[in-house]
Amino acid sequence: MPSRRAFLRTVACAAPAPIWRPEPQEEGLRAPRARYWVSGAAATADCRSCHPGTAPLDRTHAHDPAAVGCRLCAQHCTIRNGESGRCRARRNVDGELRSLVYGRPVSIHVDPIEKKPFFHFLPGRTAYSLGTVGCPLSCKFCQNWQISQARPGDFDAGYVTPLAVVEAAARRGSPIVAFTYNEPTVFAEYALDIAAAARPRGLRSVLVSCGFMDERPLADLCRALDAVKIDLKGFSEDFYRTVSGAALAPVLRSIVQVRKAGLHLELVNLVVPTLNDADASLKRLVNWVLTDLGADVPLHFTRFHPDYQLLNLPPTPVATLERARDMAMARGLRYVYVGNVPGHPGNHTYCPRCRARVITRQDFFVLDSSLKSGRCGACGAAIAGVWS
């Protein structure tokens with residue numbers, strides 16, 4: 001039987017050429033200093049300085065001066081010296097948090113922007129897409145589990161500078177750089193530096209995320225990015241806890257934060273049979289989107305296919321996705337899609353005023369568009385999105 005490292009190497013999509021293969025103790029020593037953390041050595045008597053949301057202890061508590069508290073995602077890991085956080089992408093090295101994945105992409109592809117999916121952001125363009133290993137979640141249905149649940153040492157990932165990423169995107173003729181595949185939160189520092197290098201070259205940067213992050217890093221990302229797609233995996237705390245090892249509330253907070261920042265936002269809900277496909281749950285999700293975000297945010301109901309740890313469940317019936325889409329549109333959402341069902345009429349974009357088809361898609365490709373300066377070619381109504 002092949003080793004874990006050998007197996008994961010066979011499933012890497014497009015790993016850059018190796019430069020060095022780190023031993024566990026070398027990973028942290030060679031890794032750059034991370035952002036978004038607090039030091040145990042600087043901890044105060046108030047436990048809330050390191051553990052937000054907790055009540056102060058009524059007894060003296062000795063802090064580990066070598067421990068750090070990661071403030072990148074909503075897991076809020078307390079990481080002891082020599083250990084990594086839950087995402088496996090950040091390690092405490094002698095009281096300093098290091099990023100093990102900065103500059104170490106393990107998957108690089110040029111994808112249609114529709115694959116992310118973004119349907120209202122530069123349709124028909126390509127996105128130079130990259131991801132590293134690691135994720136703060138542990139979704140049982142993850143389709144990229146080979147990298148999201150991996151450790152940095154599982155891949156021989158060569159170092160790629162932010163400028164090299166931007167130059168490669170420009171050479172490939174991609175006007176967009178996409179942070180995707182695993183959860184880009186874990187390589188937020190790298191994404192920020194790439195986006196900063198991309199903007200002067202006229203390239204846009206987009207994030208494909210689970211939304212499970214803290215406010216400060218997300219605020220920094222919002223200033224650097226042009227669009228965000230967030231997976232709203234379900235609409236119950238129980239679903240997030242049992243299926244994804246996370247929580248719903250931080251995701252909702254992140255979605256609202258992105259919307260208020262003025263970035264282009266799209267949402268995806270993977271509809272999983274028996275787990276999050278009840279009408280009551282779908283109605284709560286739709287009502288929240290309409291009330292807290294507005295009618296113009298595109299919402300994709302996407303078909304589940306058995307993968308990773310949920311091989312026992314069947315694919316989502318198309319009728320379930322159609323029911324969810326009809327429910328959302330009847331409630332007042334203007335742009336609702338059926339995903340992972342090639343050729344379905346719910347793949348296309350329609351004018352919310354006259355119902356004319358303004359963008360025709362097949363799979364992840366745009367076949368035809370009647371948009372004229374972001375307006376319906378039939379009636380002239382404005383179609384929400386970023387078109388140029």
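**Loops, sheet and cavities of a predicted model**

At 63% relative accessibility, Thr274 counts as exposed (over 50%, whereas buried means under 20% and partly exposed lies in between, with a 1.4 Å probe and protein chains only). The structure is a predicted model, in which local features need pLDDT of at least 70 and side-chain atom pairs count only at pLDDT 80 or more, while totals for chains, interfaces and linings use all residues. Residues are numbered from 1 along each chain as its sequence is written, and side-chain values use heavy atoms, with hydrogens and water left out.

Thr274 belongs to the loop between strand E11 and helix H9, which covers residues 279-293 (helices, H or I, have at least four residues and strands, E, at least two, both being DSSP runs numbered from the N terminus). The phi of Thr274 is near 75 degrees, a positive value in a residue other than glycine. Most residues other than glycine have a negative phi, and most peptide bonds are trans. A second positive phi of this kind, near 65 degrees, is found at Asn340, which sits in the loop between E13 and E14 and is partly exposed, with a relative accessible area of 35%. A departure from the trans peptide bond occurs between Lys116 and Pro117, which are joined by a cis bond with omega of about -10 degrees; Pro117 lies in the loop between E6 and E7.

Those two strands introduce the open sheet, which has eight strands in the order E6-E7-E8-E9-E10-E11-E12-E13, with mixed pairing (two strands pair if DSSP finds at least two bridges between them). Because E6 (107-112) and E13 stand at the edges, each with a single partner strand, one side of each is left without a neighbour in the sheet. E6 runs antiparallel to strand E7 (residues 126-131), and six bridges join the two; Val110 has Tyr128 in E7 as its bridge partner. Strands of a sheet pair through backbone hydrogen bonds, either parallel or antiparallel.

Several strands of this sheet also contribute to the largest pocket, whose volume is about 1,200 Å³ (on a 1 Å grid over the protein atoms alone, a pocket is an open set of points with protein on both sides within 12 Å along at least five of seven lines, a cavity is a set where a 1.4 Å probe fits but cannot get out, and lining residues have an atom within 4 Å of a point). Of the 46 residues that line the largest pocket, the closest to its centre are Lys116, Gln143, Asn144, Lys229 and Asp231; Lys116 is also the residue that precedes Pro117 across the cis bond. At least two lining residues come from each of E6, helix H3 (145-148), strand E9 (204-209), strand E10 (227-231), strand E11 (264-271), strand E12 (299-303) and E13. By class, the lining of this pocket comprises 20 nonpolar, 17 polar and nine charged residues (Ala, Val, Leu, Ile, Met, Phe, Trp, Tyr, Cys and Pro count as nonpolar, Asp, Glu, Lys and Arg as charged, and the others, Gly among them, as polar).

Enclosed space is also present, and the count comes to two cavities of 30 Å³ or more (grid points are joined across faces, edges and corners, and a volume is the space filled by probe spheres set on the points). The largest cavity has a volume of about 90 Å³, and of the 13 residues that line it, the closest to its centre are Cys70, Cys73, Gln75, Cys77 and Cys87. Eight nonpolar, three polar and two charged residues make up the lining of the largest cavity. The second largest cavity, with a volume of about 40 Å³, has a lining that includes Arg325, Met329, Tyr337, His348 and Arg355. The elements that give two or more residues to this lining are helix H10 (318-331), strand E13 (336-339) and strand E14 (349-350), and by class the lining has five nonpolar, two polar and three charged residues.

A separate strand pair is formed by E4 and E5 (residues 96-99), which run antiparallel and are joined by four bridges. In E4 (residues 90-93) both faces are covered, with Arg90 and Asn92 buried on one side and Arg91 and Val93 buried on the other. Asn92 stands opposite Leu97 in E5. The hairpin of E4 and E5 has two residues between the strands, and in this hairpin Asp94 takes a positive phi near 55 degrees. Arg98 is found in E5 and is buried, with a relative accessible area of 15%.
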